[in-house]
Amino acid sequence: MTEPGAHPDRSRHAGALRKIASLGYTACVLATGVLIPEAQAVSPVRQLTVGVPAALPGYEVLDDSHLKINDPAKRSLMDCVSGKLNAQITWLSYPTRRVIQMLQAQELDMIFPMGFTAERAASMLQSSPMWQNPDVLVSMRPVDMRDKSLRIVARLGSPQHADYLAEGYASVSGAYSYEELPRLLARAQVDVVVVPRSIYGEQKNLWPPGSIVTDGRSRMTGIYLSKQDPKGLLKPLNESIGRCKASVGKK
């Protein structure tokens, strides 16, 4: 029924516009009678700068600032996470200590991949774990890790180096590169090398013949963000990791 004083055509027109708006169309009709759909909401692309520890076997930052990941499963997972975040990533490679300093200074948005430690979690935000990467112990003879006189070496700045340095061993040294570790073992300068399992696998041909590999401590790997998290990345990042682990793992 038309309101008193209202023009019938105008009343019908207003009703049509209300119906159009409820269906998700703009309240506008062109002279041709064509309806214009509302613009769909599009999430903005996140421009992120992510640091990668330098000389990390299995990972290489290319000249075009893209990251090459050798392991197909890890590559698929990281591709999925960046896709869920709608992120365009510029990858940069620096020594481990440097990328941590840059993250804390908010010169980087994230660091990947990083082994989780309580020490790192105290000064940076830790993402949900992406995968397990336990330590392995490489030696030329069977060893008892309860023997505090063992000469142990790990990469300088790594979680393995920090952990064993705090364990009270008489000698815990740090090598500047992972490639140096097999050479130290071959020259009998150390008794035990501690490395992530993935690193051992990447440089398997470098270890001296007859070396013994035993399981070490369990360890998780993921991403670190600065404590301030100025871009509010932690929540969407963790949601993306959870969804991608579920979907990529099914393929």
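The following legends describe close-up views of a predicted model.

**View 1. Confidence across the predicted protein, with residues 16-40 in focus.** The mean pLDDT of the protein is 86, and a value of 70 or more is reached by 82% of its residues. Within residues 16-40, the pLDDT falls below 50. This stretch makes 20 contacts in the model beyond near neighbours in sequence.

**View 2. The largest nonpolar core, with Val193 and its contacts.** This core comprises 41 residues. Phe112, Met130, Val193 and Val195 touch the most other members. With residues up to four places away in sequence left out, Val193 touches Val136, Leu137, Val138, Val153, Leu181, Leu185 and Trp207. Another core, of 10 residues, lies apart from the largest one; Met102, Leu108, Ile111 and Met114 are among its members. In soluble globular proteins, nonpolar side chains tend to be buried together.

**View 3. The cis peptide bond between Phe112 and Pro113.** Omega of this bond is about -15°. Pro113 belongs to strand E7, which spans residues 110-115. Its partner in the bond, Phe112, is also one of the residues that touch the most other members of the largest nonpolar core.

**View 4. Ser65, a residue other than glycine with positive phi.** The phi value of Ser65 is near 65°. Ser65 is placed in the loop between strand E4 (59-61) and strand E5 (67-69). With a relative accessible area of 23%, Ser65 is partly exposed.

**View 5. Ala188, a residue other than glycine with positive phi.** Phi of Ala188 is near 60°. The loop that holds Ala188 runs between helix H6 (180-186) and strand E13 (192-196).

Notes:
Residues numbered from 1 in each chain as written. Predicted model: local features only at pLDDT ≥ 70, side-chain atom pairs only at ≥ 80, totals over all residues. Heavy atoms only, no water. pLDDT = per-residue confidence, 0-100. Contact = heavy atoms within 4.5 Å. Core = buried A, V, L, I, M, F, W, Y, C linked by side-chain atoms within 4.5 Å. Buried < 20%, exposed > 50% of the residue type's maximum accessible area, 1.4 Å probe, protein only. Helix = DSSP H or I, 4+ residues; strand = E, 2+ residues; numbered from the N terminus.
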